[in-house]
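I open these entries to record what I looked up, topic by topic, with the sequence and the model side by side.

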Amino acid sequence: MTDTLLTADIQLIQRILPHRYPFLLVDRVIEIDGYKSAVGIKNVTMNEPHFQGHFPGQPIMPGVTIAEAMAQTAAVMVGTALDLADKDLKVYFMAIDKCKFRRMVVPGDQLRMNLTTLRGKPGGKVWKFGGVAEVEGEMACEVEFTAMMDLPA
């Protein structure tokens, strides 16, 4: 492992995550420090299907999709650090804890997701992450979550 921060563009993200439209919720990961921390970007647009019903006339990104975007960022971090592109990685939520929403996220916002590994190591199945999502420096969501990495054999 080098001390150089890595990144992941949408092509690499799609080689790591099985998610696709409309449920691929991270556009780029701009900083990956091994499997310790990462910063992901989600550009929020009116074209996303959840805005048709959440809420008509006042589109607000659902909180669960913010938490999911953070989890996808964590999976990209681990997948990049452990060289899991094209290896059929699956990640499953086990728990979501201490989740709080602090501001609405609306079309036109750019969600910056800062993730840190709280527990987990290469080869391990159960990982715990902490994260803060911000829009223009203002906290939108903070969360801790546990995930199971279904790592390829």
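How many disulfides does a search of the whole structure find? I note beforehand that this is a predicted model. My search of the whole structure returned 0 disulfides.

I then looked up C99, which is in no disulfide. The nearest cysteine sulfur to that of C99 belongs to C141, 4.1 Å away. Why is C141 not bonded to C99? I record that the two sulfurs, 4.1 Å apart, are too far from each other for a bond, because a disulfide requires sulfur atoms within 2.5 Å. I also checked burial: C99 is partly exposed, at 30% relative accessibility, whereas C141 is buried, with a relative accessible area of 0%.

Next I turned to the largest nonpolar core, which has 38 residues. Within this core, M70, L111 and F129 touch the most other members. I find at least two core residues in each of α1 (10–16), β2 (28–33), α2 (63–81), β5 (110–119), β6 (126–135) and β7 (138–150). Helix α2 gives the most, with 9 residues.

I followed F129 further, leaving aside its neighbours within four places in sequence. Its contacts include A74, M77 and V78, as well as L115, L118, V143, F145 and M149. T116, T117 and E144 are also in contact with F129.

Last, I examined the largest pocket, which holds about 190 Å³ of space. Of the 14 residues that line this pocket, Y21, L24, D27, K42 and E48 are the closest to its centre. I class the lining as 7 nonpolar, 4 polar and 3 charged residues.

How values were computed:
Residues are numbered from 1 along each chain as its sequence is written. This is a predicted model: local features need pLDDT of at least 70, side-chain atom pairs count only at pLDDT 80 or more; totals for chains, interfaces and linings use all residues. Side-chain values use heavy atoms; hydrogens and water are left out. On a 1 Å grid over the protein atoms alone, a cavity is a set of points where a 1.4 Å probe fits but cannot get out, and a pocket is an open set with protein on both sides within 12 Å along at least five of seven lines; lining residues have an atom within 4 Å of a point. Grid points are joined across faces, edges and corners, and a volume is the space filled by probe spheres set on the points. Ala, Val, Leu, Ile, Met, Phe, Trp, Tyr, Cys and Pro count as nonpolar, Asp, Glu, Lys and Arg as charged, and the others, Gly among them, as polar. Buried means under 20% relative accessible area, exposed over 50%, partly exposed in between (1.4 Å probe, protein chains only). A nonpolar core is a set of buried Ala, Val, Leu, Ile, Met, Phe, Trp, Tyr and Cys residues joined through side-chain atoms within 4.5 Å. Helices (H or I, at least four residues) and strands (E, at least two) are DSSP runs, numbered from the N terminus. Contact means heavy atoms within 4.5 Å.
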